[in-house]
Amino acid sequence: MTPSVQYPVLLFSYGTLQDKAVQLANFNRELTGQADRMQGYRQDWVEITDPAVLAASGKSHHPIVSASDNAADSVAGMVFQISDAELAAADAYEVSDYKRVSVALASGLTAWVYIKA
């Protein structure tokens, strides 16, 4: 009998980690999730030059978020349940413009998210 895989890690994505092709390239599976929001953040864009990331996403500019001075600002996205190994794969996918932090979401869940470094 194959042991079941546990997905104890919550990851919030507002960008390319929501794309099926990016998920398959990084996690070897399509993720399922639920819609949520990050309060007090705003979205901008960053140019991507990493060839592997460009190949996976097919996009030269990716969204990037940073904390906002306006508490009414928010960023929509999806919360995914992933494994520790998949979190490490997400860390490897994200370029140095991003850093991983833990945030409280509008739903009350706490999840990892990549924001502007």
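Contact here means heavy atoms within 4.5 Å. By that criterion, and leaving out residues up to four places away in sequence, Glu 86 touches Tyr 7, Phe 27 and Arg 29 in this predicted model. Glu 86 belongs to helix α3, which spans residues 84-93. With a relative accessible area of 9%, Glu 86 is buried, because the cut-off for that class is under 20%.

Glu 86 is a convenient way into the packing of helix α3 against helix α1, residues 20-27. Two packed helices are described by the angle between their axes and the distance between the axes. For α1 and α3, the angle is about 115° and the axes are 9 Å apart. The two helices are therefore roughly perpendicular to each other, and their crossing is right-handed. On the α1 side, the contact is made by Val 22, Asn 26 and Phe 27, while α3 contributes Glu 86, Ala 89, Ala 90 and Tyr 93. By character, the residues of this contact comprise five nonpolar, one polar and one charged.

It is helpful to look at each helix in turn. In α1, the buried residues are Val 22, Gln 23, Asn 26 and Phe 27. Viewed down the axis of α1, these buried residues fall within an arc of 100°, so they line one face of the helix. An α-helix has 3.6 residues a turn, so residues three or four places apart point the same way. The cover over the buried residues of α1 includes α2 (51-57), β5 (74-82) and α3.

Helix α3 can be read in a similar fashion. Its buried residues are Glu 86, Leu 87, Ala 89, Ala 90 and Tyr 93. These cover an arc of only 160° around the axis, which puts them on the same side of α3. Asp 84, Ala 85 and Ala 92, on the other side of α3, are exposed.

The residue that follows α1 also deserves a look. Most residues other than glycine have a negative phi, and most peptide bonds are trans. Asn 28, which comes after α1, has a phi near 60°, a positive value in a residue other than glycine. Asn 28 lies in the loop between α1 and β2 (33-39). With a relative accessible area of 69%, Asn 28 is exposed, whereas Phe 27 of α1 is buried.

Two strand residues round out the picture. Ser 13 lies in strand β1, residues 9-13, and counts as buried at 3% relative accessibility. Setting aside neighbours within four places in sequence, Ser 13 is in contact with Gln 18, Gly 77, Met 78 and Phe 80. Strand β5, residues 74-82, is also among the elements that cover the buried residues of α1.

Gln 43, in turn, is found in strand β3, residues 41-47. Gln 43 is partly exposed, with a relative accessible area of 36%. Its contacts, again without neighbours within four places in sequence, are Tyr 14, Pro 63, Ile 64, Val 65 and Val 75. Gln 43 and Ala 76 are 33 residues apart in sequence, and their C-alpha atoms are 9.6 Å apart in space.

Methods: Residues are numbered from 1 along each chain as its sequence is written. This is a predicted model: local features need pLDDT of at least 70, side-chain atom pairs count only at pLDDT 80 or more; totals for chains, interfaces and linings use all residues. Side-chain values use heavy atoms; hydrogens and water are left out. Helices (H or I, at least four residues) and strands (E, at least two) are DSSP runs, numbered from the N terminus. Buried means under 20% relative accessible area, exposed over 50%, partly exposed in between (1.4 Å probe, protein chains only). Axes are lines fitted to C-alpha atoms, for helices over the stretch in contact, and angles run from 0 to 180 degrees between N-to-C directions. Angles under 35 degrees count as roughly parallel, over 145 as roughly antiparallel, 65 to 115 as roughly perpendicular and the rest as oblique. A crossing is left-handed if the near helix is turned anticlockwise from the far one by less than a right angle, and right-handed if clockwise. Ala, Val, Leu, Ile, Met, Phe, Trp, Tyr, Cys and Pro count as nonpolar, Asp, Glu, Lys and Arg as charged, and the others, Gly among them, as polar. The arc is that of the directions from the helix axis to the C-beta atoms.
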